[in-house]
Structures are given as structure tokens and as C-alpha cells.
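Open the structure in your viewer and set side chains to sticks. We will go from one selection to the next, with a short word on what is there.

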Amino acid sequence: MADRSALAGAGRVVVKVGSSSLTQPSGGIDDARLIALVNALVERVQAGTQVVLVSSGAIAAGLGPLGLARRPRDLATQQAAASVGQGLLVARYTSAAAAHGLTVGQVLLTADDVVRRTQYRNAQRALERLLGMGVLPVVNENDTVATAEIRFGDNDRLAALVAHLVHADALVLLSDVDALYDGPPDRPGARRVPVVSSPADLDAVVVGGSSSGVGTGGMTTKLDAAAIATGAGIATVLAAAAQAGEALDGQDVGTWFAPTGARPRTRMLWLAHAAHPQGRLVLDAGAVAALVRRGASLLPAGVVAAEGSFEAGDPVDLCDQSGHAVARGLVNYSSVEVPDLLGRSTRERLDALGPGYDRVLVHRDDLVLLPRRRQGGAEQPRTTIVRT
């Protein structure tokens with residue numbers, strides 16, 4: 001998608017809306033804003049676009065019924081609020097869409113659901129089937145059961161990953177802010193950034209976190225989501241929720257993020273951006289070079305230490321001896337088995353441990369390379385895939 005004018009004819013679009021754009025300050029659902037959003041989505045669907053909605057707001061919607069004045073800090077109460085609010089939120093979407101003859105389907109995801117091969121295929125298949133049947137999927141993180149270890153962290157990132165999962169043509173991030181600005185939007189002289197063509201366009205932009213008492217995101221999470229999507233070849237628009245119709249029509253509202261990369265394999269994008277590593281393997285210099293420079297698989301002979309508790313098939317970080325994670329991959333052995341493999345060649349493993357222990361530790365088809373840390377310590381995985 002070369003520019004935003006093509007958005008009006010996009011075949012498939014993922015739209016994400018934040019809590020602050022759907023709820024009142026007290027936490028209750030703002031029916032007028034929700035209905036306006038659904039009306040804009042229905043218009044796109046009726047024009048022939050398949051739409052997936054990633055919607056925050058479950059926890060916020062549950063605050064009022066539970067008598068909570070603000071978003072709870074502890075996980076258990078957040079889960080309780082999500083349990084109450086999710087049903088209320090989807091009921092409102094169902095009612096608003098039904099007025100136009102459109103059916104809504106609920107899809108709740110955790111990061112663990114889509115990192116593992118079988119589960120991400122199931123998620124992909126379910127979304128494809130819903131879209132094929134003319135249903136509007138409403139996706140949210142499964143806050144009721146998600147723990148810190150299996151959370152996406154924010155629905156902006158979830159939306160970017162869902163956009164890749166369903167092979168969307170574009171991602172539209174709707175917020176209570178109408179665009180990216182070169183500084184705080186309320187600062188005198190702050191200017192809208194209409195187009196971001198490359199990461200270099202963001203060098204002079206100053207952003208902050210969420211200013212809402214009901215949401216978890218902010219401009220930083222939206223920029224991260226845009227980077228994930230555009231790096232995977234998916235154009236992204238950031239706009240105000242009130243501008244949903246104009247954004248979907250390709251009008252000059254908000255900020256347009258042009259695609260910067262090619263679409264990688266779905267599972268590797270999830271591994272880079274959604275997987276929570278269950279452990280670490282520390283590699284010697286030769287193994288690091290083999291992974292990074294030659295695209296090789298990781299052999300036990302190149303590993304000097306293993307940390308954490310993991311099972312075969314779990315994601316683990318592959319680190320150099322200074323502790324920097326150079327890659328992430330799906331390990332073929334459990335943390336109980338790994339110590340007996342370290343430093344041994346394939347022949348030595350077979351002789352000592354028997355058949356079945358000649359596999360590599362992490363296959364190159366199950367690896368994604370990670371970058372050096374950015375200034376400020378935040379690590380943003382790139383989607384450079386190690387291929388055969």
C-alpha cells in the first residue's frame with residue numbers, strides 16, 4: 001500500500017481502539033462513542049472491506065459495576081474487572097452492529113495462544129473463518145486469565161501482531177490523540193507529523209506514556225506497534241477515534257506510517273514480539289558468530305550455560321557472554337536435559353545419551369535475531385529471520 005489513498009480500497013484492515021476512546025472517565029462505557037465507531041466500521045464492511053476490531057476497554061467497563069473508582073493495580077482485581085467488563089463491552093458491540101445486520105464474534109487471546117505453533121494456527125484459522133462468514137471479530141487480550149508471563153502488555157502491540165496474523169493491508173490505531181506530534185500535543189507550537197516514511201523521521205519526536213486513568217498505552221506503545229506493523233509491510237494510520245471514518249477512507253487525518261519492510265513468516269514475528277522467554281542459553285563467541293553471521297542452527301557444543309526452567313518447544317533467549325540477547329528461539333530440549341548436552345558434539349551426545357539426542361538445540365528455522373539495546377535500555381526485536 002503505497003499511500004493512504006489506497007486505504008479506501010483495502011481488502012482487509014485491523015482497527016484498534018483504546019479504553020479512553022470508549023469509556024467515560026468514571027469507567028462506564030460511553031455508548032455514543034462506541035456506536036459512532038461501529039457505524040464507521042460498518043460503512044467500511046458494507047464497502048467490501050473485511051475488518052478486525054481490536055478493542056480495549058474490558059477492565060475499564062468493569063470498574064463501575066464493581067464499585068471501583070479507578071483502574072486497580074493488583075492483577076487479581078484487574079482480572080475480576082475484565083471478567084465483568086468483557087461481557088458488557090461485547091454486548092454493546094453486538095447490539096450496535098446488529099442494528100446494521102452485522103454479526104459480532106468475540107476472540108480473546110493471550111501471548112501464549114499465538115507463540116506456539118498449534119495455537120497460533122488455531123487463532124489464525126478462527127479469524128479467517130469469522131471473516132469469511134462476514135463476521136466482525138472483536139479481539140481483546142484475555143485479561144481474565146492472563147498473567148504477567150503471558151501478556152502482550154498492551155493492545156497496540158496486540159493489534160499489530162493480529163494485523164500480521166490475518167495478512168491485513170493496513171492497521172488503524174484509534175486513540176484520544178488525533179495524530180503524532182513533534183512534541184506534547186498541548187504544548188504551544190507542537191506540530192502534527194502527517195507522514196512517517198522511515199524510523200529516521202522520528203528522531204526529533206518527543207513522546208510520553210498514557211495520560212488516561214483507564215488505559216495502559218500511550219504514544220510510545222503506538223509507535224512500537226507502528227514499527228512492528230510497518231516492519232512487516234503493513235501500512236499504519238494513527239488517528240483520533242472520532243476520525244475513524246475519515247482514517248478508513250484514506251483522508252488526510254492523523255499520521256500515516258509507510259511500510260518499511262517485507263512480510264516475514266507469521267510465527268517468527270510472534271516469536272520476536274509476543275513470546276515471553278522462559279530461560280536463557282549463554283553462548284560462546286563462535287556460536288554467536290554462527291547465528292548472527294552465518295544463519296546457523298544452535299548446537300549444544302556452543303553453549304556454556306543454561307538458565308531458567310523451560311520445556312521443549314518453549315521460547316528462550318540466546319545470549320552472548322556479556323548477557324546481551326542476540327536471538328530468540330524455540331528450544332528442542334527441556335532445561336532438565338540441556339546440562340548433559342552442553343559442550344558435546346553430535347557423536348558424543350549419541351554415544352552418551354542414545355537415540356533422539358542428535359537434534360540441534362535450536363533450529364535456525366525457529367530463530368529470530370534481536371538488535372542491540374537502544375538508548376534508554378528498551379530492546380525492540382527486529383524481524384530479521386534466520387532462514388535455511
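Start by selecting Arg359 and Tyr333: in this predicted model, Arg359 sits over the face of the Tyr333 ring, 4.3 Å from the ring centre. Now colour Tyr333 by accessibility; its relative accessibility is 0%, so Tyr333 counts as buried.

Keep Tyr333 on screen and add Tyr357. These two residues form the one aromatic pair that the structure holds. Their ring centres are 5.9 Å apart and the planes meet at 15 degrees, which is under the 30 degrees cut-off, so the pair is stacked. Zoom out a little to see what the pair connects: Tyr333 belongs to the loop between strand S12 (325–330) and helix H11 (346–353), while Tyr357 belongs to the loop between H11 and strand S13 (367–369). The two tyrosines are 24 residues apart, and their pair links distant parts of the chain. Is Tyr357 buried or partly exposed? With a relative accessible area of 21%, Tyr357 is partly exposed, because buried would require a value under 20%.

Next stop: the charged pairs. Side chains of opposite charge can pair when their charged atoms come close. How many salt bridges does a search of the whole structure find? The search finds 12, and we will visit some of them.

Select Asp156, in helix H6 (residues 155–165), together with Lys16, in strand S1 (residues 12–17). Their closest N and O atoms are 3.1 Å apart, in a salt bridge that spans 140 residues of the chain. Lys16 has a relative accessible area of 4% and Asp156 one of 1%, so both fall under the 20% limit and count as buried.

Leave Asp156 selected and add Lys222. A second salt bridge appears here, with an N to O distance of 3.3 Å. Lys222 lies in helix H7 (residues 219–231), 66 residues from Asp156. Lys222, like Asp156, is buried.

Now move to Asp317 and Arg328. This salt bridge has its closest N and O atoms 2.8 Å apart. It joins strand S11 (residues 315–319), which holds Asp317, to strand S12, which holds Arg328, across 11 residues. Both side chains belong to buried residues.

For the last stop, select Arg4, Arg192 and Asp252 at once: salt bridges with shared partners connect these three residues into one network.

Definitions and conventions
Residues are numbered from 1 along each chain as its sequence is written. This is a predicted model: local features need pLDDT of at least 70, side-chain atom pairs count only at pLDDT 80 or more; totals for chains, interfaces and linings use all residues. Side-chain values use heavy atoms; hydrogens and water are left out. Rings of Phe, Tyr and Trp (its six-membered ring) pair if their centres lie within 6.5 Å; planes under 30 degrees apart count as stacked, over 60 as edge-to-face and the rest as tilted. Helices (H or I, at least four residues) and strands (E, at least two) are DSSP runs, numbered from the N terminus. Buried means under 20% relative accessible area, exposed over 50%, partly exposed in between (1.4 Å probe, protein chains only). A charge sits over a ring if NZ of Lys or CZ of Arg is within 6 Å of the ring centre and within 35 degrees of the ring normal. A salt bridge is a side-chain nitrogen of Lys or Arg within 4 Å of a carboxyl oxygen of Asp or Glu.
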